[in-house]
Amino acid sequence: MAAATTVTLLLLAGRYGYHRDELYFLLAGRHLAWGYVDQGPLVPALARLLDTIAPGNLVVLRTPSAVLAGGAVLLVAAIARELGGGRGAQLVAAVLAAISGIVLANGHLLSTTTIDLLVWLVAAWCAVRLLRTSDSRWALGVGLALGVGMLSKLLPALLAVGLVAGVLIAGPRRLLRDRWVLAAAGITVLLAAPNLIWQAANGFPQLGVAASIADGDSSYSGRLNALTLQFVIISPYAVPIWVAGLVALLRRPAWRAYRAVGWAWLVVVGIVLLAGGKGYYDAPLLLVLTAAGAILTAAWASRGSVRVRRGLLVLGAVPFLLPSIVLLLPVLPADRLPGFVVDVNYDAGETIGWPAFADSLAAVHGGLPAEERSRAVVLTSNYGEAGAVARYGPARGLPRAYSGHNSMVDFGRPPADADVIIAVGWERPDQLNTWFEQCTLAGRVDQRVEVENDENGGPIHVCRGLRAPWAQIWDTEVRRTG
C-alpha cells in the first residue's frame with residue numbers, strides 16, 4: 001500500500017503545474033536563511049537542492065513528498081502493529097491512510113505539511129513503542145523527530161505539548177522526570193535552535209502569521225473550518241473508525257498504557273480550535289486514532305458472517321474512494337476542471353495557469369514605451385505571483401518581481417530608479433495610490449482556463465511616480481502591510 005501510494009503520486013506529479021507555495025519555496029531557496037517569517041529553513045533548502053539537481057522539473061521537486069506519503073502509510077500500519085494489530089488490522093490501517101485526504105493532498109505537493117505529517121507519525125510511533133515496552137530510550141526518537149520537524153515549522157511543538165499533557169493526565173507521570181525523556185527534550189531544542197534563534201532575533205514573526213490565520217486570513221482557517229475538517233480530512237468513511245479508536249484508547253483496559261495518546265489528540269485539537277488554527281494541524285494524530293480503530297474494525301470483520309462483514313467494509317469504502325481521487329489529485333483535465341473541485345480543494349486551483357499568468361504580465365510590459373520598460377519592475381500582492389514571475393518571467397522578458405508578502409519583504413526592494421511599476425493582484429488600487437502618483441488599469445490576468453483561483457481575472461495596474469523613495473515605502477508601508 002505504501003509503494004502503491006508513492007507510485008500513484010509520482011505518476012500524477014507532473015500534471016497541472018506548480019502550486020503557489022512551491023513557487024515561493026523555490027524563491028526562498030535562492031535566499032537561504034535559518035528562518036523565514038512563515039517557516040523554517042528545511043523546505044526552501046530542499047527546494048533549492050531539488051531544483052539544482054533538475055532545474056524546472058516538477059516531478060523531481062515533488063518526489064520527496066510522494067516518498068514521504070508512502071512512508072506515512074507504512075507508519076500508520078506500524079502503529080497498528082505496535083498496538084497489537086495483526087496483518088489484517090495493519091492492512092486496514094494502511095488502506096485508510098493511503099486513501100486519506102491528508103496523505104493524498106500533501107503527498108502531491110512539496111509542502112511543509114508533508115514534512116509535518118511524517119514527523120508527527122514518527123514521533124507518535126516512537127511514543128507508542130515507548131509506552132508498550134516501557135523502554136524510555138524510545139523518547140530519543142520522539143525528540144529527534146520533533147527537532148527535525150521544527151526546522152520546517154514550529155508546529156511539532158504542539159505535538160510535544162499534547163504528549164506531555166497526555167502523560168500528565170493519564171500517566172505514566174514518571175516519564176516526565178526520566179533521564180531519557182529529558183535528553184530527548186534537549187535534542188529537540190538543540191536541533192530546533194537555529195530556527196528558534198532566528199525567530200527570536202526577528203521578533204517571532206511566525207506568531208504574527210499564526211495570528212493572521214486565527215483571524216481567517218488564510219485558506220482552511222477559521223474555527224468552523226477546523227472543526228469540519230476533522231470529519232473529512234482522513235475520510236468521512238474513516239470517522240466511525242477513528243472515533244472508535246479514540247474511545248478504545250481512553251477506555252479499553254488492555255490499552256490503558258496508551259491512554260496518553262488519546263488525550264494528546266484531545267489536547268491538540270482543543271488548542272487548534274481555541275486558537276483558531278488550521279484544521280489539518282492535528283491530522284497526523286487522527287491517523288494514529290485511525291490505526292487504533294483499524295484493529296477494532298479488523299476484529300469486527302473476523303466475527304460472525306465474515307464474508308458479509310468484509311464485503312460491507314469494501315462496499316462502504318468504494319463511494320468515498322473515487323471522489324477523494326477526483327477532488328485531491330490532478331486526474332481531470334485542467335482546462336475543464338469543475339468549479340466544485342476548487343470549492344472543496346482550494347490548492348487545486350492554485351496549481352493551474354501560472355505560465356499564462358506570466359504571459360498576461362508580459363503583454364502589459366511589452367505595451368510600455370521602450371524607455372519605461374528599462375526601468376519597470378513588477379510588484380505582486382502575494383508570494384505565489386512573485387514566484388511565478390521568477391520562474392516564468394525571464395523567458396518572457398519580464399523584469400524582477402517584488403512583494404511585501406511574508407518573507408518576500410526581506411528578499412529585497414525595488415531599485416531606487418524603478419519608477420514604473422506593473423502591479424498585479426490589487427483588486428482595489430487605494431493602497432497603490434498611497435505609494436504612487438498615478439495608477440491605471442492596464443489589463444487583467446487571463447489564465448486561458450475557466451478556473452476560480454486568486455489570480456484569474458485579477459487586475460494589472462501600471463503605476464508611475466513614486467510619492468517617496470523606495471527605501472521609505474518599503475520599510476514604513478510595505479513591510480507593515482505585507
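These exercises work through a predicted model, each with a stepwise solution.

Residues are numbered from 1 along each chain as its sequence is written, and side-chain values use heavy atoms, leaving out hydrogens and water. Local features need pLDDT of at least 70 and side-chain atom pairs count only at pLDDT 80 or more, while totals for chains, interfaces and linings use all residues.

**Exercise 1. Annotated spans**

Task: Describe the helix and strand content of the annotated domain, residues 38-198, and of the transmembrane spans 91-110 and 138-168.

Solution.
- Step 1. Start from the record. An unreviewed UniProt entry lists residues 38-198 as "domain: Glycosyltransferase RgtA/B/C/D-like". UniProt positions are in the numbering used here, feature names are shortened, and annotations may be inferred rather than shown by experiment.
- Step 2. Read the domain. Residues 38-198 are 78% helix and 0% strand, and the end C-alpha atoms are 12 Å apart. Helices (H or I, at least four residues) and strands (E, at least two) are DSSP runs, numbered from the N terminus.
- Step 3. Turn to the membrane annotation. The unreviewed UniProt entry gives "transmembrane region" for several spans, including 59-79, 91-110 and 138-168.
- Step 4. Read two of them. Residues 91-110 are 80% helix and 0% strand, with end C-alpha atoms 27 Å apart. Residues 138-168 are 77% helix and 0% strand, with ends 18 Å apart.

**Exercise 2. Salt bridges across the chain**

Task: Find which parts of the chain are joined by the salt bridges of Arg 20, Glu 82 and Asp 419.

Solution.
- Step 1. Set the criterion and count. A salt bridge is a side-chain nitrogen of Lys or Arg within 4 Å of a carboxyl oxygen of Asp or Glu. The whole structure holds 12 salt bridges.
- Step 2. Take Arg 20. Its side chain pairs with that of Glu 455 at 2.9 Å, N to O. Arg 20 lies in helix α2 (residues 20-29) and Glu 455 in the loop between β4 and β5, so the pair ties together parts 435 residues apart in sequence. Both Arg 20 and Glu 455 are buried. Buried means under 20% relative accessible area, exposed over 50%, and partly exposed in between (1.4 Å probe, protein chains only).
- Step 3. Take Glu 82. The Glu 82 and Arg 129 side chains meet at 2.5 Å, N to O. This pair links distant parts of the chain, with Glu 82 in helix α4 and Arg 129 in helix α7 (residues 112-133), 47 residues apart. Glu 82 is buried, at 4% relative accessibility.
- Step 4. Take Asp 419. The partner of Asp 419 is Arg 375, at 2.5 Å, N to O. Asp 419 sits in the loop between β2 (401-403) and β3 (420-424) and Arg 375 in the loop between α20 (370-373) and β1 (376-380), so parts 44 residues apart in sequence are tied together. Asp 419 is partly exposed at 26%, and Arg 375 is partly exposed at 29%.
- Step 5. Look for shared partners. Arg 20, Glu 350, Asp 454 and Glu 455 are joined into one network by salt bridges that share partners.

**Exercise 3. Backbone exceptions**

Task: Locate the cis peptide bond and the positive phi values of Ser 134 and Asn 406.

Solution.
- Step 1. Recall the background. Most residues other than glycine have a negative phi, and most peptide bonds are trans.
- Step 2. Find the cis bond. The bond from Gly 171 to Pro 172 is cis, with omega near 0°. Pro 172 is in the loop between α9 and α10 (179-201).
- Step 3. Check Ser 134. Its phi is near 60°, a positive value in a residue other than glycine. Ser 134 lies in the loop between α7 and α8 (139-149). Ser 134 is partly exposed, at 48% relative accessibility.
- Step 4. Check Asn 406. Its phi is positive, about 50°, although Asn 406 is not a glycine. Asn 406 lies in the loop between β2 and β3. Asn 406 is buried, at 18% relative accessibility.

**Exercise 4. Two positions compared**

Task: Place Val 67 and Glu 450 in the fold and give their separation.

Solution.
- Step 1. Val 67 lies in helix α4 (residues 58-82). Val 67 is partly exposed, with a relative accessible area of 46%.
- Step 2. Glu 450 is in the loop between β4 (436-444) and β5 (459-466). Glu 450 is exposed, at 73%.
- Step 3. The two are 383 residues apart in sequence and 32 Å apart in space, C-alpha to C-alpha.
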